[in-house]
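Hi everyone, thanks for coming. Let's have the model up on the screen, and then I'll walk you through a few spots in it.

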Amino acid sequence: MDNNSIADNFSLLSKLMDIHGENSFKAKSFASAAFTIEKLPTQLKDTSRDDIFRIKGIGESTGKSILEMLDTNSFTLLENYLNITPPGILEIMKIKGLGPKKIATIWKELEIESMGELLYACNENRLLLLKGFGEKTQDNVRQNIEFYLSNRNRFLFAEVEEIAHTLQKQLQQLLAPAPVALTGAFRRQEVIIDELELVIATTPDIVRQQLSALPGFTLTDSHSHNLVWKYNDKLNVVIHACEKEDFYSQLFSTTGSTAFMDKFNAAGGASHIKNAPSEEAIFSGAGMAFIPPCLREGLHEIELARQQQLPQLITRADIKGIVHSHSQWSDGLDTLEEMAIAARDQGFEYLVLSDHSRSAFYANGLSIERVIAQQEQIDELNKQLAPFRIFKSIEADILNDGSLDYPDEILARFDLVIASVHSNLKMTEEKAMARLLKAIENPYTTILGHMTGRLLLSRNGYPVNHKTIIDACAEHGVAIELNAHPRRLDIDWTWIPYALEKKVLISIDPDAHSIQGYRDVYYGTLAAQKGGVTKANNLSSFSVDMLDVYLQERKKQKNILL
């Protein structure tokens, strides 16, 4: 090991010791040794053992550690700390503006163990509730995380959407009149995007010439009519060049998943692809209704298309109200009145205000006294804003034993209750299922919030048996949230068809912690489309009167009386 490697090990150890709350004197001794070693004029490996211990700033403990690294190329003490530190915490240590003390606070008090969780917490204003954190610090952390994440190789749909449409527009202008279209996973509205794909009706040589002139594009591979580019050293862009008469056949073939294309070909559709004048002609030639790109996954869409029974997919315009939102009463950025007026002005008929419950101390959850005070404010605002309406709700924590964290007489005061897990996420499937099923059986639970607690590209959800959960929701009349935040999109769209089969309502909810968060309804709608959701089986598509009747009828069925 050279001096830089030894110094880096000491520096990392010092930070980890601080994070774990170890003796600060010991931690500082390793930090001081790291500083000393970095300034040495000669390499420690070329220094005699006795002389190492005579170096000012090197003590008995640090000296023995240096010898261990020189002799074994390893450092046992550091390895011990690495073994007890979640990998995500090590990644968070790379973020500028966060020292060991602040990281320890975030980890221990908010139970955050990954970069994505930390970004999500920033967007929910969780850091503002911690001692030593202000709005400026939170904004700096958010910006530094976003910069860090922008350099990885897998992306959320929302992260590449603007790039995708801008690139398509650029290429259309450069290559006019040649047609250009986005294809592949992006066109299918996949929640995770590994690469952007485009079909262009021109030659590979022209594509190579034009893209080489665009800033940020580097050609990394080419074979036949396909060219692979790296955009800004992070995002793969695949161009499928083709003849003009093959444009729609190429667009069709590159849009569908492998499973979809196999099923389409097996159903006799292969002969209708080549030289097709449009995608509609391909489907009609195969005796099928047009299958929207988002559904081309190889599930049951081909059978439904042959029977002319494809669903009329939900659209953003079908969302009539904002369900699941947080105001300044808990961890939201805007006041209750501001949230309501903004929802009304954006054309929504109602706002379901669902601040955090009292167990969510990390999110300024509402005590019973604050619940009552908030509901008094809602009554006043409903008088002022009618016919727009604010529904009284709460995002109630599902506690470790599956109960909700208010007594029944308080739960009865709400128009609806969203029940969610926010703490102790590291559960076995047995524990998670027991917790969720008890919450679903609770007569006050109206909607099951973000079913698995996942954060895409950041945190796997806790393990659940989706079918059992969906069956329980069907039995107890509980809707399942499709949390529309692009980092959640939970329930996963692949389980939505089973939920619809069981007549379970989906609820596309933005989980908005600010007015700006309302726009996430759009991403929830895209995921819902992949699952075959229509406006009839989405709770947030109910009009204000329909929702009021639904909630009143449900309370009667559950014998809930205030």
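Asn275 is partly exposed, because its relative accessible area is 44%, and partly exposed is the band between under 20% for buried and over 50% for exposed. You'll find Asn275 in the loop between α14 (258-266) and α15 (279-285). Look at its backbone too: phi of Asn275 is positive, about 55 degrees, although this residue is not a glycine. Before I go on, please keep in mind that this is a predicted model.

Now turn to Asn125. Is Asn125 buried or exposed? With a relative accessibility of 7%, Asn125 counts as buried. Its phi is near 60 degrees, again a positive value in a residue other than glycine. Asn125 sits in the loop between α8 (115-123) and α9 (135-149).

Next, two prolines. Which residue is joined to Pro177 by a cis peptide bond? That residue is Ala176, and omega is about 10 degrees. Pro177 belongs to the loop between α10 (157-175) and β2 (180-183). There is also a cis bond from Ala386 to Pro387, with omega near 10 degrees. Follow the chain around Pro387 and you are in the loop between α18 (368-385) and β10.

That brings us to the sheet. A quick reminder for the newcomers: strands of a sheet pair through backbone hydrogen bonds, and the pairing can be parallel or antiparallel. Here we have seven strands in an open sheet with parallel pairing, and the order reads β8-β9-β10-β11-β12-β13-β14. Why do β8 (321-325) and β14 (506-509) each have one side without a neighbour in the sheet? They stand at the edges with a single partner strand each, so one side is left free of a neighbour there.

Let's zoom in on one pair. Strand β9, residues 350-353, and strand β10, residues 389-397, pair in the parallel sense over four bridges. Within this pair, Tyr350 stands opposite Arg389 in β10.

Now add some helices. Helix α23 (residues 521-530) packs on the sheet and touches β8, β13 (479-483) and β14. The direction of α23 makes about 145 degrees with that of β14. Helix α24, residues 544-557, lies across β9, β10 and β11 (416-420). Compared with β10, α24 runs at about 50 degrees.

That's my tour. Thanks for listening, and I'm happy to take questions!

Methods:
Residues are numbered from 1 along each chain as its sequence is written. This is a predicted model: local features need pLDDT of at least 70, side-chain atom pairs count only at pLDDT 80 or more; totals for chains, interfaces and linings use all residues. Side-chain values use heavy atoms; hydrogens and water are left out. Two strands pair if DSSP finds at least two bridges between them. Helices (H or I, at least four residues) and strands (E, at least two) are DSSP runs, numbered from the N terminus. Contact means heavy atoms within 4.5 Å. Axes are lines fitted to C-alpha atoms, for helices over the stretch in contact, and angles run from 0 to 180 degrees between N-to-C directions. Buried means under 20% relative accessible area, exposed over 50%, partly exposed in between (1.4 Å probe, protein chains only).
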